[in-house]
Amino acid sequence: LTSFVVVLGLVGSASAALPEGWQSQDIGTTDGSADESGGMWIISADGADVWGSADEFHYAYVPLSGDGTIIAQVISNGEGSNGWAKGGVMIRETLDPGSEFAFVCVTPGNGLNFQARLTTGASATSDTGVETPEQTAITAPYWVKLERDAAGNFNGYYSSDGVSWQAMIWNPQRISMPQNVYI
């Protein structure tokens, strides 16, 4: 198990322990927490990974019905983090460890990735091998964005400034999720 802290700046957050409507919980067996102040989130966890057929991480989320977008700046993946410690934006079907998901993340040693679990309980997959050399060199601080459109397509984006966005090569990912999900 690897312990890490991810610092995120989420667009549109208010100041509070957790902004109204936001919740956080461990997914799988882990020990984590999420705190927010002035739009800055600190999320920490001990967990195996967001990978394989079951995830272990700490998740801060709000319910989402229909299409939506989430944007964050991953400011840090923590000191001494595992090269695959992930900070980013995610949409999950459920809060179960084997849930379907779409995830755009920044790692401290493996660049920017677009990951997904296309079927509940299946092994996660990613854009590894199709990403650009620029993506493999990206580290925090960096901006990430994930969108779900009305057709159920998931599109990931990244940006050095939070204004000019580059589309992930792996776009779109079609994941069959219900109307109500967690973002």
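Which side chain does Asp55 meet in a salt bridge? The partner is Arg117, with N and O sitting 2.8 Å apart. Keep in mind that this is a predicted model, and every value below is computed from it.

**The Asp55 corner**

Asp55 sits in the loop between S4 and S5, while Arg117 belongs to strand S10 (residues 112–117), so you have to travel 62 residues along the chain to get from one to the other. Are these two residues buried or exposed? Asp55 has a relative accessibility of 1%, which puts it under the 20% cut-off for buried. Arg117 goes down to 0% and is buried too. There's a third member to look at here: salt bridges with shared partners join Asp55, Arg92 and Arg117 into one network.

**The other charged pairs**

How many salt bridges does a search of the whole structure find? The count is 4. As background, side chains of opposite charge can pair when their charged atoms come close. Three of the pairs are set out here, among them the one we just met.

| Salt bridge | N to O distance |
|---|---|
| Asp49 and Lys86 | 2.7 Å |
| Asp55 and Arg117 | 2.8 Å |
| Lys145 and Glu147 | 3.8 Å |

Asp49 and Lys86 meet through their side chains, and this pair links distant parts of the chain. Asp49 is in the loop between S4 and strand S5 (57–61), Lys86 is in the loop between strand S7 (68–76) and strand S8 (87–92), and 37 residues separate them. The two ends don't share a burial class: Asp49 is partly exposed, with a relative accessible area of 23%, whereas Lys86 is buried at 9%.

Lys145 and Glu147 also form a salt bridge. Lys145 counts as buried at 13% relative accessibility, and Glu147 counts as partly exposed at 23%.

**Rings**

On the aromatic side, the whole structure holds 7 aromatic pairs. One of them brings Tyr61 and Tyr182 together, with ring centres 5.3 Å apart and planes at 90°, so this pair is edge-to-face. Why does the pair tie together parts that are 121 residues apart in sequence? Because Tyr61 lies in strand S5 and Tyr182 in strand S16 (residues 180–182). As for cover, Tyr61 is buried at 4% relative accessibility, but Tyr182 is partly exposed at 26%. Both tyrosines belong to a cluster that ring pairs build from Phe57, Tyr59, Tyr61 and Tyr182.

**A hairpin and two cis prolines**

Strand S3 (residues 33–37) and strand S4 (residues 40–47) pair in the antiparallel sense, with 5 bridges between them. If you want a register check, Ala34 has Ile43 in S4 as its bridge partner. The hairpin has 2 residues between its strands, and Gly38 takes a positive phi near 60° there.

Where are the cis peptide bonds to look at? One runs from Ala140 to Pro141, with omega near 5°. Pro141 is placed in the loop between helix H1 (133–137) and strand S12 (142–148). Another cis bond goes from Asn171 to Pro172, with omega near -20°. Pro172 sits in the loop between strand S14 (166–167) and strand S15 (173–174).

**Gln173, in strand S15**

Move on to Gln173, which is found in strand S15. Its relative accessibility is 11%, so Gln173 counts as buried. What does the side chain of Gln173 reach at 3.0 Å? That would be the backbone oxygen of Trp170. Neighbours within four places in sequence aside, Gln173 is in contact with Phe114, Leu118, Gly152, Asn153 and Phe154.

**The whole chain**

Stepping back, the secondary structure comes to 1 helix and 16 strands. For strands in general, side chains alternate between the two faces of the sheet when the strand is regular. Of the 183 residues in the protein chain, 49% are buried. Among contacts with a separation of 6 or more, 62% are between residues 24 or more positions apart. The accessible surface comes to about 7900 Å², and carbon and sulfur atoms account for 49% of that area.

Terms used
Residues numbered from 1 in each chain as written. Predicted model: local features only at pLDDT ≥ 70, side-chain atom pairs only at ≥ 80, totals over all residues. Heavy atoms only, no water. Helix = DSSP H or I, 4+ residues; strand = E, 2+ residues; numbered from the N terminus. Pairing = 2+ DSSP bridges. Buried < 20%, exposed > 50% of the residue type's maximum accessible area, 1.4 Å probe, protein only. Polar contact = N/O pair within 3.5 Å; in protein donor to acceptor, adjacent residues only side chain to side chain. Contact = heavy atoms within 4.5 Å. Areas by Shrake-Rupley, 256 points an atom, 1.4 Å probe, with all protein chains shown as cover. Phe/Tyr/Trp six-rings, centres within 6.5 Å; stacked < 30°, edge-to-face > 60°.
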